[in-house]
Amino acid sequence: MTSEIVDSEDEYDEKSELRKRNKAETQESVDSQEAFDLDDLLPIIGEFGKYQKLLVFGICLPACIPCGFCAFNQLFMADTPDEYWCRIPELMHMDVEQRKYLAIPKEQFDLVCDQDIYPTIGLAALNSGGPVGVYLFGLLNDRAGRRLSYFTCLATLLAGSLMTSLSKDFWTWAGSRVVVGLTIPAVYQIPFIISLELVGEKYRSFVTVMTCTFYTSGIMLLSLVTYLERDWVRLSYYTSLPFYAYFLYMFVMPESPRWLLMRGRLEEALKILERMAIINGRQFPEAVHSKLEAQIRRDKLRKQKKKIANVGLMDLCRTPNMRLKTILITLSWFANETVYLGLSYYGPSLGTNQYVSFFLSAVVELPSYLCCWYFMDTWGRRWPLSLSMMLGGVACIITVMLPDDAIDETLILYLISKALLSASFLIIYPFAGELYPTQVRGIGIGASSYIGGLGLIVIPFVTYLGKENLKLPLVIMGFVSVMGGMTGLRLPETLHHRLPQTIEEGEEFGKNWQLKDCLNCKPQPEILSPPTSYENLDVLGGSSNNASDVELELRDSRRFRQPPRIDERTPLDLTSSGSGGTGRQHRASMKRLVRQMSVMDTQRTHDGTMQLTHWI
């Protein structure tokens, strides 16, 4: 065997040189890609430092408030009295028709009697713009950037609100609500995406909870505003004019560095990341800086920037695993968003005071967010999402067992269901954001919201059935919620995993799902050894091509020791060295420490080189 190898030494040297040339051509791109691993860079320059706190609490979270204001102020703009027939003693001497004409409460748009379904049509008009808006702003979000997309969305929202205030007839008013609906929930999703991409992995749950908390706080504030102001025109002004001040954010809101890196706009990304490191009081790594600078110089010398192919909706369905995950996310989103919004619409119809009921329906969301925060970080995303939807649906369904005069009991079960659905509403956004790759995250969330928005067009008519049977809408929404919760069990868990960047990475994530994975209610981080969460990747090879020969040395970050000398050469290298050849040098990229977020099988190429794969 040895003689055969020696005899073919010339052939081996030729192949070896060819491999070296190929590696030299690809090493440049590999090294530059490693520098763009933002999840590795953030722990060094700050995962949630002063820079992120200023942006998240000062800009991104307040930017979520307009969504709650403009989504629910319409409930009280088109409010009609519960009883249309008023008994006025002074009119008793008139005939029935005259008394009816004078005694019925008059609205500007006459939304009573045979036109009492008009407020429901107005809600449907509002929600009909949502499916179109989330997809259009999703495309703009991924292709033009998060920053431009948000301010375009905000301008559309305020223009529609101004049209609402100036409307003189119902159909003009309904048309203006379609314009407002184009931005709901996109005006909420874009700041959420920005916040999610600014912070490190372990702060994603916190940012999600705070985003929903600000959104709910806006709804609570809206209940107070609607209680104090009953005129719908002034109410429209009060719930939109303050948000013109948000355009001042244009001077301080940066673009998402993760999006810039993905689009190949390295110079802009480098400036933002360096500023982040300075404000956080950290030192920007010189190695990363040098690689980025080198790549920027290469781009300028070529006089062209890295071209990134635009992706679309069909890319989500092109491969089987991404297609299945997209369908499951969308079905779960459809049920979750439809039932959550339906319960929010139905709150004023329950209890004895519509303003108190609406306020309570918002208050119960806050404790559910805090509980969900704990469960998301310990039990993951999948099981808390599915359980909260199924239990919330059951709470709605059992209201049918209560007598008609059990008003308080029905309200209590409604509030329990609303709290559980609010928890699932909190989970569905980060869960979908973690499952969709960065390359198509805006389009993916937009597409799921688009399909989910179709249910929002129908749900106002479901709540309208409550005029005849108070519990029928709750039962219908309960069954939808249970079915949506069951579909979420098939999705892969994302806790302790990194965000996939490309569609290819998204296809691989969860590809080997099994039933036992679903039964794992409390996922554990897959680490090779419990003492530390970092692995040393500078150990390659051994004396064979088998994966079992790979030695991974785990270091305690608090201690330093000299690593052992490892012979990396393959049998062919040993034979070659016996004839005066030298062993291969370590690749510099294999000497860095990476965060152990997930463990995958280590592959080798035909020449024995290790293929190290990890989630970016």
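What follows is a walk through this structure, from the overall build to a buried cluster of charges and then to the empty space inside. Keep in mind as you go that this is a predicted model.

Let's start with the whole protein. It has 26 helices and four strands. Of its 616 residues, 53% are buried. The surface it exposes comes to about 28900 Å², and carbon and sulfur atoms supply 60% of that. As for how the chain meets itself, take the contacts between residues at least 6 apart in sequence: 82% of them join residues at least 24 apart.

Now for the charged side chains. How many salt bridges does the protein have? The count comes to twelve. A good one to look up is the pair Arg 146 and Glu 197, whose closest N and O atoms are 2.6 Å apart. Arg 146 belongs to helix α9 (residues 146–165) and Glu 197 to helix α11 (residues 186–198), so this salt bridge ties together parts that are 51 residues apart in sequence. Are these two residues buried or exposed? Both Arg 146 and Glu 197 are buried.

Glu 197 has another partner too. Its side chain meets that of Arg 441 in a salt bridge, at 3.4 Å from N to O. Here the pair ties together parts that are 244 residues apart in sequence, because Arg 441 sits in helix α22 (residues 441–464) while Glu 197 sits in helix α11. Arg 441 has a relative accessible area of 1%, so it counts as buried. Glu 197 also comes out buried, with a relative accessible area of 1%. Put Asp 142 into the picture and you have a network: Asp 142, Arg 146, Glu 197 and Arg 441 are linked by salt bridges.

For another setting, turn to Glu 268 and Arg 265. Their side chains form a salt bridge with an N to O distance of 2.8 Å. Glu 268 has 34% relative accessibility, so it counts as partly exposed. Arg 265 is partly exposed as well, at a relative accessible area of 29%.

Back to helix α11, where you will also find Gln 189. With a relative accessible area of 6%, Gln 189 is buried. What does Gln 189 touch, leaving aside residues up to four places away in sequence? Its contacts are Val 134, Trp 333, Tyr 429, Ile 445 and Ser 449. One of these, Ile 445, falls within the residue range of helix α22.

That leaves the empty space. Rolling a probe the size of a water molecule over the atoms shows where such space is left. Searching the whole structure turns up seven cavities of 30 Å³ or more. The largest cavity holds about 210 Å³ of space. It is lined by 19 residues, and the closest to its centre are Ile 184, Pro 185, Glu 337, Leu 341 and Leu 456. Which helices each supply at least two residues of this lining? They include α5 (65–72), α8 (118–143), α17 (320–346) and α21 (407–435). What kind of residues make up the lining of the largest cavity? They divide into 15 nonpolar, three polar and one charged.

If you have the model open, Glu 197 is a handy place to begin, as it forms salt bridges with Arg 146 and with Arg 441. From there, you can look along helix α11 to Gln 189, then move on to the largest cavity and the residues closest to its centre, among them Pro 185 and Leu 341.

Notes
Residues are numbered from 1 along each chain as its sequence is written. This is a predicted model: local features need pLDDT of at least 70, side-chain atom pairs count only at pLDDT 80 or more; totals for chains, interfaces and linings use all residues. Side-chain values use heavy atoms; hydrogens and water are left out. A salt bridge is a side-chain nitrogen of Lys or Arg within 4 Å of a carboxyl oxygen of Asp or Glu. Buried means under 20% relative accessible area, exposed over 50%, partly exposed in between (1.4 Å probe, protein chains only). On a 1 Å grid over the protein atoms alone, a cavity is a set of points where a 1.4 Å probe fits but cannot get out, and a pocket is an open set with protein on both sides within 12 Å along at least five of seven lines; lining residues have an atom within 4 Å of a point. Grid points are joined across faces, edges and corners, and a volume is the space filled by probe spheres set on the points. Ala, Val, Leu, Ile, Met, Phe, Trp, Tyr, Cys and Pro count as nonpolar, Asp, Glu, Lys and Arg as charged, and the others, Gly among them, as polar. Contact means heavy atoms within 4.5 Å. Accessible areas come from the Shrake-Rupley method with a 1.4 Å probe; for residues, only the protein chains shown count as cover.
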